[in-house]
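Visitor: I would like to go through this model with you and hear how each label is justified. Could you show it first?

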Amino acid sequence: MDDTFRAMRVEEVAAGKYDQQIELRRLRDLPDNPLLLAVSHSSLNYKDALSAFGNRAITREYPHTPGIDAVGEVVEDKSGTFEPGTQLLVTGYDLGMNTPGGLAERIAIPETWALPLPSGLSARESMILGTAGLTAGLCVEKLLEAGAKPEDGEVLVTGATGGVGSIAVALLAHLGFRVAAVTGKLESAEFLTDLGAWKVLDRETLAPFASKAMVKPLWAWAVDTVGGETLFNVIKSLAYGGGVAACGMASGAQFQANVFPFILRGISLLGVDSVELPIEKKAVVWEKLAGDWYIGEQLDRIAEDISLEQAPEFLARLHRGHGIGRYVVDMAL
Ligand code: NDP
């Protein structure tokens, strides 16, 4: 039996210099985990770009195969949990970090990382969403749990053309919210209005807030995918009782803050993690994304389908912050 499969491999070719190639690997190269999946689609996330360019906080050892998302059919499950042929969806945990990831035609993982593909979503659609969609869904869930309602006022989304940002824009608009989308790519304003954004703002709009302790209230709620100084600029411009779902660090991990927005306006900082979230909680959000939160044709607008061979080029784009929407890796292309 031919047990070879294609995989993207990242190698440190010189100190601090990383190269990405598509290679043929063998099943015996995969870790000894019970569940073997034949991956039909994967997707590209910011974290994959970090792994592909040698970020040791994400991936300790190279050579390595990134890919934190995968969908595909069960080839074999030694745990006895899933029947061969069942379509399963995997996002997060250690996949693509230090376990060989979804940018490959085969993955071997613990069965506890996988969920049956929700009915109502195709394999491709599940990867248009992927970790980005799950994270956007979790951000929206946090805001709704905090009491967000469309009549409260505008919801700000930062990093709006990115994977998490674009799905958050589409999902919030689908749920009736007026979305103010913040982007560094004003040339993509039409992409954002087509997704349902009420208005599109230049990233620079928030920059002058940095020198002020507080600014006048501008938005009721927010989803921040950017982190760094932007996160606190968002916090200080939220209206009384509002909150921000914070999930990202595309511009940086550190920010300086003061207590005024929290003690004078009762603002909530709502942290979101999609990686280590228990699988049952992931399943609840996936059912929503396949059900009431299904964003229909917007998924096609957000997606670009690429081959495994194109993954290195598109990861470089994500690494520079130049990605738009979601990149789905179709193993059949
Ligand atoms: P993408 O690369 O698809 O999008 C990031 C977007 O952020 C860019 O497209 C850009 O959008 C904006 N951006 C990039 N650099 C800067 C900068 N220097 N300053 C301000 N804005 C910038 O990434 P993802 O959507 O996949 O991920 C977004 C963030 O969320 C990442 O930090 C990622 O690590 C994090 N994340 C966290 C998860 C969790 O579980 N907490 C899960 C998934 C992602 P624009 O040009 O429109 O401003």
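Visitor: Where is the place of Val-259?

Guide: Val-259 sits in the loop between strand S12 (238-246) and helix H6 (260-265), where helices (H or I, at least four residues) and strands (E, at least two) are DSSP runs numbered from the N terminus. This is a predicted model, in which local features need pLDDT of at least 70 and side-chain atom pairs count only at pLDDT 80 or more, while totals for chains, interfaces and linings use all residues. Residues are numbered from 1 along each chain as its sequence is written, and side-chain values use heavy atoms, with hydrogens and water left out.

Visitor: Why is H2 called oblique to H3?

Guide: Helix H2 (residues 123-145) and helix H3 (residues 163-174) pack at an angle of about 55°, with their axes 8 Å apart. Angles under 35 degrees count as roughly parallel, over 145 as roughly antiparallel, 65 to 115 as roughly perpendicular and the rest as oblique, which makes H2 oblique to H3. The axes are lines fitted to C-alpha atoms, for helices over the stretch in contact, and angles run from 0 to 180 degrees between N-to-C directions.

Visitor: What makes H2 and H7 roughly perpendicular to each other?

Guide: H2 and helix H7 (residues 279-290) pack at an angle of about 105°, with their axes 9 Å apart, and H2 and H7 are therefore roughly perpendicular to each other. Among the residues that make the contact (heavy atoms within 4.5 Å) are Leu-129, Gly-133 and Gly-137 of H2 and Val-285, Trp-286 and Leu-289 of H7.

Visitor: How do you know that Glu-105 and Arg-6 meet in a salt bridge?

Guide: A salt bridge is a side-chain nitrogen of Lys or Arg within 4 Å of a carboxyl oxygen of Asp or Glu, and the side chains of Glu-105 and Arg-6 meet that at 3.2 Å, N to O. The pair links distant parts of the chain, 99 residues apart, with Glu-105 in the loop between S5 and S6 and Arg-6 in strand S1 (residues 4-14). A search of the whole structure finds 13 salt bridges.

Visitor: Which peptide bond is cis, and where does Pro-63 lie?

Guide: The cis peptide bond joins Tyr-62 and Pro-63, with omega about 5°, and Pro-63 lies in the loop between helix H1 (46-52) and strand S4 (69-77).
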